[in-house]
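Morning, everyone, and thanks for coming. I'd like to walk you through one structure today, so please have a look at the screen.

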Amino acid sequence: MSMSTDPMLIPVRLLIGLALSMFALSAPAQPWEKLDSRQQDVLAPFASSWNALPKEEQQNLLGIAEHYPELVPEKQQRLREQLDKWSKLTSAQRVRAREKFEAFSKVPAEKREAVKQMVREQQASQAASAVQPAAPAR
């Protein structure tokens with residue numbers, strides 16, 4: 001499956017694409033209170049941290065909110081889930097996620113599915129090893 005048609009990557013591509021395309025903008029940071037109700041609705045997971053976000057990240061997220069109405073309902077739901085997850089990451093985790101996405105985007109299209117499968121297997125293995133067996137009853 002090509003990256004352009006993989007529905008799992010659309011929100012991530014949107015986030016990264018907007019981040020890169022808007023990096024050079026010099027608009028001032030915008031306080032949460034100045035966002036319109038539609039922007040606040042889409043960006044609700046960031047309500048408590050919005051004013052502390054770097055202005056570049058605010059601009060990126062505002063770009064996402066602007067394009068949100070263009071998405072079909074299923075993609076809107078997926079984007080909301082992604083924004084919720086993204087809002088819970090630390091800034092270091094966000095940097096790492098961007099790095100991983102950039103590295104993945106350099107993988108040839110014909111090898112991307114194999115890479116995704118490998119990552120899924122690693123995640124499953126880590127999850128299985130994190131589950132500790134119950135202690136025997138005494």
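Let me start with a question: which residues does L53 touch, not counting residues up to four places away in sequence? Keep that one in mind for a moment while I set the scene.

What you see is a predicted model, so please take every value I quote as computed from that model. The chain has 138 residues, and 28% of them count as buried. As for secondary structure, there are six helices and zero strands, so to speak an α-α-α-α-α-α run from the N terminus on. Among contacts with a separation of 6 or more, 54% are between residues 24 or more positions apart. The accessible surface is about 9300 Å², with 58% of that belonging to carbon and sulfur atoms.

Now back to L53. The residues that L53 touches, with that sequence filter on, are F46, Q58, L61 and R94. L53 sits in the loop between α2 and α3, and at 9% relative accessibility this loop residue counts as buried. Its C-alpha is 9.9 Å from that of P31, which is 22 residues away in sequence.

For contrast, stay in that loop and find S48. Is S48 buried or exposed? S48 is exposed, with a relative accessible area of 77%. The C-alpha atoms of S48 and S87 are 9.8 Å apart, with their positions 39 residues apart along the chain.

Next, the core. In general, nonpolar side chains in soluble globular proteins tend to be buried together. Here, the largest nonpolar core has 15 residues, and those touching the most other members are L35, V42, L43, F46, W50, L61 and L83. Two elements give two or more residues to this core, namely α3, residues 55–67, and α4, residues 73–87. The largest share, four residues, comes from α3.

If you'd like one core residue to click on, I'd suggest W50. Beyond its neighbours within four places in sequence, W50 is in contact with Q30, P31, W32, L35, L43, Q58, L61 and L62. You'll recognise Q58 and L61 there, as L53 touches both of them too.

Let's look at the two helices themselves. Helix α3 has 13 residues and reaches 19 Å from its first C-alpha to its last, close to the 18 Å expected. Its buried residues are E57, Q58, Q59, N60, L61, L62, G63, I64 and A65.

Helix α4 has 15 residues, and its 21 Å reach is close to the 21 Å expected. Which residues of α4 are buried? They are Q76, L79, Q82, L83, W86 and S87. These cover an arc of only 130° around the axis, which puts them on the same side of α4. On the other side, P73 and E74 are exposed. As a reminder, an α-helix has 3.6 residues a turn, so residues three or four places apart point the same way.

Now for the charged pairs. The count comes to eight salt bridges, and I'll pick out a few. The side chains of E57 and R94 meet in one of them, at 2.9 Å from N to O. E57 lies in helix α3 and R94 in helix α5, residues 91–105, so this pair ties together parts that are 37 residues apart in sequence. Are these two partners buried or exposed? E57 is buried, with a relative accessible area of 10%, and R94 is buried as well, at 6%. R94, you'll recall, is also one of the residues that L53 touches.

E57 has another partner in R98, with the closest N and O atoms 3.9 Å apart. R98 lies in α5 and E57 in α3, so here the parts tied together are 41 residues apart in sequence. R98 is partly exposed, at 28% relative accessible area. Put together, E57, R94 and R98 are linked in a network of salt bridges.

One last pair is K88 and D84, whose side chains meet at 3.1 Å, N to O. K88 counts as exposed, at 60% relative accessibility, while D84 is partly exposed, at 31%.

That's my tour. Thanks for listening, and I'm happy to go back to any of these views.

Terms used:
Residues are numbered from 1 along each chain as its sequence is written. This is a predicted model: local features need pLDDT of at least 70, side-chain atom pairs count only at pLDDT 80 or more; totals for chains, interfaces and linings use all residues. Side-chain values use heavy atoms; hydrogens and water are left out. Buried means under 20% relative accessible area, exposed over 50%, partly exposed in between (1.4 Å probe, protein chains only). Contact means heavy atoms within 4.5 Å. Accessible areas come from the Shrake-Rupley method with a 1.4 Å probe; for residues, only the protein chains shown count as cover. A nonpolar core is a set of buried Ala, Val, Leu, Ile, Met, Phe, Trp, Tyr and Cys residues joined through side-chain atoms within 4.5 Å. A salt bridge is a side-chain nitrogen of Lys or Arg within 4 Å of a carboxyl oxygen of Asp or Glu. The expected span of a helix is 1.5 Å times one less than its number of residues. The arc is that of the directions from the helix axis to the C-beta atoms.
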